[in-house]
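Please have the sequence and the model open side by side. The text below goes through selected parts of the fold in turn.

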Amino acid sequence: MANFIFNPTTKVYFGKENLLSLGGEIAACSTKILLVYGGGSIKENGIYDEVVAILQKANVEIAEFHGVESNPRLSTVRRGTEAAKASGIGAVLAIGGGSVIDCAKAVAAGAVYEGDPWDLLSYKVPTEKALPIFTVLTMSGTGSEMSSGSVITNEETKEKIGLDNPCLRPKASFLVPEFTYTVSPYQTASGSADVISHFFDFYYFAKADNLSMQRSIMESIMGTVVKYTPLALKEPDNYEARANLMWAAAWGCSAIADSFATGASMVLHFMEHELSAYYDVTHGHGLAILMPRWMEYVSKDETMAKLFHRFGVNVMGVDKSLGEAEGIKATIVALSHFLFDELGLKSRLSDLNIDDKHFDEMAEEACRLNGGTLQALVPLTAEDVVKIFKMCL
């Protein structure tokens, strides 16, 4: 087991009654906040009014910044940073899913930096501080509500880069399952695929063999997603399903499940970041298309084969009496059936009007950000990445 420091600092309020504590939490940090949200659905479903009433009762002044898109863009972060500086706010509150929260984190860092936020996001300048960040989650998937990361797309250079720093971890996050009742079937499915991919990107890339407790935790969480996503799609207002999916997603990037995973490498995420940077693909959907093809490509490796077989038996319900080779095939079939048949996600990049025109440069960029090769138990060169992309067409 690796040496590690475990210090998750996000205070989580789970359940609607706990939302009343939002005002007090924020007022303890600042009397004026920047409220960040997306396209305005929170005004249609009543979440906005509910949150604003709580803040007003706590005498917290509100400046608004809205219009955050899926796969948040650098231009949006720049506008948000300017709004934050002009408003004189002392904290940032994100109401939304992962895209809104990621944008809010970048704005919180940019607000206390004199230069261009891209300096921070591109690691030209180290991120040393940020305004306090709070979140009210409205969509399960990314785990940004408990993570120290933020992923932003530079639409001009086609770079999608993840910034990670402890100062970006929210001080408090409010998780209300009822707020996800109106999430569309497509976004629910994409979010669940994202949750599974987070554990894939730690679970299989851990170099140690003695992570018994961690692997068992991850299997349990992934199994929760497999169990409850179909129910949430069938019954959108099923509290048990939405609550389980919300808590499973929060664990994905919380430093809880992956704290011992030496050598973890976000290979799937680096590949998908290129898809969404070039084509604005929904992040979880892009990951869903990549996962089974990546599994097929690297499953010839002996260590990978054993881990895939274990995942199939313990998460996907594959018959454990099957031999390893047959078990892996059955695992890939079972995962594909879950993602594309049960969740209804389109299974190929060509279904999203993507061809191989940019695959070479996308693969090169994914590897460039990692020293030329995506390092994992099975390292991937740019040539390997192109082959996997083509398997997804």
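What follows is a walk through a predicted model, from a strand hairpin to helices and then to ring contacts.

Begin with the hairpin. Strand S6 covers residues 149–154 and strand S7 covers residues 159–164; the two pair in the antiparallel sense over six bridges. Four residues separate S6 from S7. Where the strands meet this turn, Asn-154 stands opposite Glu-159 in S7. Within the turn, Lys-158 has a positive phi of about 60°.

Next, look at Gly-191, which is found in helix H7, residues 185–203. Its relative accessibility is 10%, and because buried means under 20%, Gly-191 counts as buried. Leaving aside residues up to four places away in sequence, Gly-191 touches Ser-140 and Gly-141. Arg-368 is 177 residues from Gly-191 along the chain, and their C-alpha atoms are separated by 27 Å.

Helix H10 takes in residues 267–279, 13 residues in total. From its first C-alpha to its last, H10 reaches 19 Å, which is close to the 18 Å expected at 1.5 Å a residue. How is H10 placed relative to the rest of the structure? H10 is largely enclosed by it, because eleven of the 13 residues are buried. The buried residues include the charged-type side chains Glu-272 and Glu-274, as well as His-269 and His-273. Val-267, Leu-268, Met-271 and Leu-275 are also among them, and so are Ser-276, Ala-277 and Tyr-278. Just after H10, Asp-280 takes a positive phi of about 55°.

The last topic is the aromatic rings. The structure holds eight aromatic pairs. One of them joins Phe-359 and Phe-389, with 5.1 Å from centre to centre and 40° between the planes, a tilted arrangement. Phe-359 lies in helix H14, residues 359–368, and Phe-389 in helix H15, residues 382–391, so the pair ties together parts that are 30 residues apart in sequence. Both Phe-359 and Phe-389 are buried.

Ring pairs also link Phe-200, Trp-294, Phe-308 and Phe-311 into a cluster. A contact of another kind involves Tyr-48: Lys-43 lies over the face of this ring, at 4.7 Å from the ring centre.

Terms used: Residues are numbered from 1 along each chain as its sequence is written. This is a predicted model: local features need pLDDT of at least 70, side-chain atom pairs count only at pLDDT 80 or more; totals for chains, interfaces and linings use all residues. Side-chain values use heavy atoms; hydrogens and water are left out. The expected span of a helix is 1.5 Å times one less than its number of residues. Buried means under 20% relative accessible area, exposed over 50%, partly exposed in between (1.4 Å probe, protein chains only). Contact means heavy atoms within 4.5 Å. Rings of Phe, Tyr and Trp (its six-membered ring) pair if their centres lie within 6.5 Å; planes under 30 degrees apart count as stacked, over 60 as edge-to-face and the rest as tilted. A charge sits over a ring if NZ of Lys or CZ of Arg is within 6 Å of the ring centre and within 35 degrees of the ring normal. Two strands pair if DSSP finds at least two bridges between them.
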